[in-house]
Every structure is written in structure tokens, then in C-alpha cells.
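Me: I would like a close look at one helix in this model and at the part of the fold that surrounds it. Please take me through it in a connected way.

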Amino acid sequence: MIRVTAVDQGSLAEELGLQEGTELISVDGRELEDFLDWEFATAEESFLLHVRQPDGEEIEFDIERPLGEPIGVALEPVRIRRCANRCDFCFVDGLPDGLREVLYIRDDDYRLSFRYGNFATLTNLKPRDVRRIKEYRLSPLYVSVHATDPTVRRYLLRNPSAPDIIPQLREFAEAGIEFHTQIVMSPGVNDGTVLRQTLTDLFAFGPAILGCSVVPVGLTEYSKHHLVREPTAEECRGAITLIDERAASARRERGISWAFGADELYLRAGMELPPAAIYDGFDQVENGVGAVRWLQQRIAEHAAGLRGWEGRRVGVVTGMAMTPLMPMVLAPLSSVTGAHFELVPVVNSLFGSSVTTAGLLPGAAVQAALGSRDDLDLALLPGESLNDDGLFIDNMSFDALAGSLPFELRASKDFADALMAPVAA
Ligand code: SF4
């Protein structure tokens, strides 16, 4: 059963009398568990929908509608599938106390992997999940492999019953599923020869594995430092050598790079980022793979629309993690727009300087960094520092912060989204 949380005005759902709180029980006799069942079961032109209204009345609707016409309901959020692992490098262990409860959920959910590109390990799949992945053709999936050697993988995941990943992927690949894969590199465990073997195995698997990224473990002062450490510059350079070797042979054999290093890997290695052309369409940009080149590309693509900024001063708020890389984005942005972009790196005053991601910046720290500025025309906030309700991690709202500043504030994911309209003169 799935509960309706809202009904679109003028929609088929409204016409049927569905409302907030209506329970969607089954379609054509098949019980509904989540949005996947709903979307796949209602993809046909006609179907029998069984619902329970908030007053308890049960109704069956014989629905016929043109293919593609949405029913017009919003559904309750999916109950997130919890992770069965306990990785030493888990980002949840690296979080300080006192954050919103939802941030402490170790999610490992193939449904979110399919829908949002979240990485999943596939270690918590039940037979029913396997059937659904194949039946619904949930592809591509984003899979954390880490190592193809089952013993190393189980050690990394701290999960002695984690299944052997290659046969597992093979079963799905035979049903037409494709994968984006990642290796979180933990020095001394899955770098070096283990990394070489993992890249070799995954590439040899065949074209169902669309690519593989290598991401260095990222820790904070709260992480389990007695069990895991961050890689040195030399270890990162070693990983890049292996990635380059694999990418060179992938280009020869398949005409794609296939193997990538996260931007963070190059930063730690003290090496220049590769050019945009190697990223095969930036499939893992949300994973920090090619993010800087992607931003540069977005700016170049939208250059013609970024008018009216000559001589303006724009502050660009960022967490400390991106601070060393941002000049590579702001320089082309300045030359395209004629504006002066100034980086405003913000140290996380709430959780300490080791928490460097923009997603955990408290509004109060941003306010402290911007509050005394009267020389800016605009400030840009990293979009990921706000949740869907427009709140920072410390519950300050975007509106409250914006209202306290003497210049305009905009949230942005790629600069182009925030700079199409100039600020008022
Ligand atoms: S798979 Fe590992 S890193 Fe991911 S949530 Fe589970 S324990 Fe954390």
C-alpha cells in the first residue's frame, strides 16, 4: 500500500476523487509497495486500481487514459532500505552529533540507485528485490564495488556475508541491466594490485559495466582513524597511473575512457585534472568525478546567455573541500561575464574545520562570512547546502539569511542556473 500525499489540480486523480491520505492498494490485483510498483503498474493504457479512501471506503476504478497522461498524485516518500554493512570509512561515522536524524541513515537502496544515482552495494537484496530489478529493468544501477576480490570486499564493507559481486552483476547483466561502478579507495586495502585487479575484472566483465570511478576515502575528525586513513599524494598518483592505463586500453578497445578518478584524487595527488573530453558524458559528476570540468563546460555552453554582469562583484560561497578547485571555475566565469567573482570559503563553525563539504555548511557560518560585506552585488550559495525546504543544516532558512544581507543571495548548482538574469541595478 502507498499513501497519496497530494493530488494535482485538474488531474485524472482529482476527477476520480483521490485525495491526500488515499491508500493505493493494488493495480490489476497486484499489491503496491512503493513508487516503482506504482509507476510500472500504471504504465499501461488501462488498468484496475483498488484504493482505500481516508474514510475507510474501498473503491475499484476501471481506468482508461491516453498513454503517458499522468495520474496526478504525489506519493509518500519511500521507506529507505538500510545498509547491511559497516565500512570503516562510512560517511555516517564521519558526521558529528546533533544533525537532523535523516542524515544518520545508512541507506543502501537499489531503488534510489536507479532513480537518483545513489551508489548501492547490493549486499542487502532479498530474492524479491532481485526479481524486481530484473522485471522492471532498473538500469543503469550505480554500484559500489570497491574490490572484486570477495575477501577484500567483505573486509572493506565489514560484512562477512556480502555476496560475490561479479556473479551478482552477471545475473543482472543477463537481464539487460547496466551499471556505473565506483571504488572507494582505502589505502593499504584496495589500492595497488587490488585496484589493478578490480579494474581489470570490471572491464573484462563487458559493456554492461559502463564505467568505473576511483574515489579516495574522505574522513573527518569523527571518523574511525584507528581503522582507516586517507591516501597520501603518492598513493593517489599510483591510483591515477592505474586508471590511466585502464582508460588507455578502454579507448583503444571500446572508444571510451571507462575508468575515471574523482577530482579529489587529482587534488590529493597534486596533479592537473584531465580534460573534459575524457569523462564520457559526465555520468558520475554527482560523485565528484569531472565536476570541475563539467562546471567549466556548463559555463561555456551558457556563455551567450550570461549577459549584464560587467563590472559586478559576486561572492561565491563554498565549503573548504572545493576551495582549491574553484579558481579553475571562477576564472572562465569572469572572462565570460565580465564580472568579478570572489571566492568566499566558509569554515564549518558548527562541526569543526574537518567537516569541509558544502552540504553541511550551517547558515550561521555563511551569515558570519557575508554579514560584514557591503561591497558585493550578489552572493551565490552552493545549492547542496539547502534541503528541499530551503533550510541549512542548522535550520536557518534561505529566506532568513537572504533577508539579513544588503545584497541579493541566490542558490546555485552550476552557476549558469543562477546567472541567467542579472541583479537589479
Ligand atoms: S555501504 Fe558502507 S559507506 Fe555506504 S552506508 Fe553502508 S556502511 Fe556506510
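Reply: In this predicted model, a good place to begin is the end of helix 8, which is followed by Gly 255, a residue whose phi is positive, near 75 degrees. Helix 8 itself takes in residues 233-254, and because each residue should add 1.5 Å, its 22 residues should span 32 Å, with which the 30 Å between its end C-alpha atoms agrees.

The buried residues of helix 8 are Cys 236, Ala 239, Ile 240, Leu 242, Ile 243, Arg 246, Ala 247, Ser 249 and Ala 250. The spacing in that list can be read against a general property of helices: an α-helix has 3.6 residues a turn, so residues three or four places apart point the same way. As for what lies over these buried residues of helix 8, the cover includes two helices, helix 7 (192-205) and helix 9 (263-269), together with strand 8 (179-185), strand 9 (209-216) and strand 10 (259-261).

The strands named there belong to an open sheet of four strands, whose order is 7-8-9-10 and whose pairing is parallel. Strand 7 (141-144) and strand 10 stand at the edges of this sheet, and because each has a single partner strand, one side of each is left without a neighbour in the sheet. Neighbouring strands are turned against each other by 20 degrees on average, direction ignored. Within the sheet, strand 8 and strand 9 run parallel and are joined by seven bridges; to take one residue of this part, Met 185 has Pro 216 in strand 9 as its bridge partner. Helix 7, already mentioned as part of the cover of helix 8, packs on this sheet as well, where it touches strand 8 and strand 9, and its direction makes about 175 degrees with that of strand 8.

For a wider setting, the model also holds another open sheet, in which four strands with parallel pairing follow the order 12-11-13-14. Its edge strands, strand 12 (340-346) and strand 14 (408-412), each pair on one side only, and its twist averages 25 degrees from one strand to the next. Strand 11 (residues 313-319) and strand 13 (residues 378-382) pair in the parallel sense over three bridges, and Val 316 has Leu 380 in strand 13 as its bridge partner. Helix 12 (residues 363-370) packs on this sheet, touching strand 11, strand 12, strand 13 and strand 14, with its direction at about 135 degrees to that of strand 12.

Technical notes
Residues are numbered from 1 along each chain as its sequence is written. This is a predicted model: local features need pLDDT of at least 70, side-chain atom pairs count only at pLDDT 80 or more; totals for chains, interfaces and linings use all residues. Side-chain values use heavy atoms; hydrogens and water are left out. The expected span of a helix is 1.5 Å times one less than its number of residues. Buried means under 20% relative accessible area, exposed over 50%, partly exposed in between (1.4 Å probe, protein chains only). Contact means heavy atoms within 4.5 Å. Two strands pair if DSSP finds at least two bridges between them. Axes are lines fitted to C-alpha atoms, for helices over the stretch in contact, and angles run from 0 to 180 degrees between N-to-C directions.
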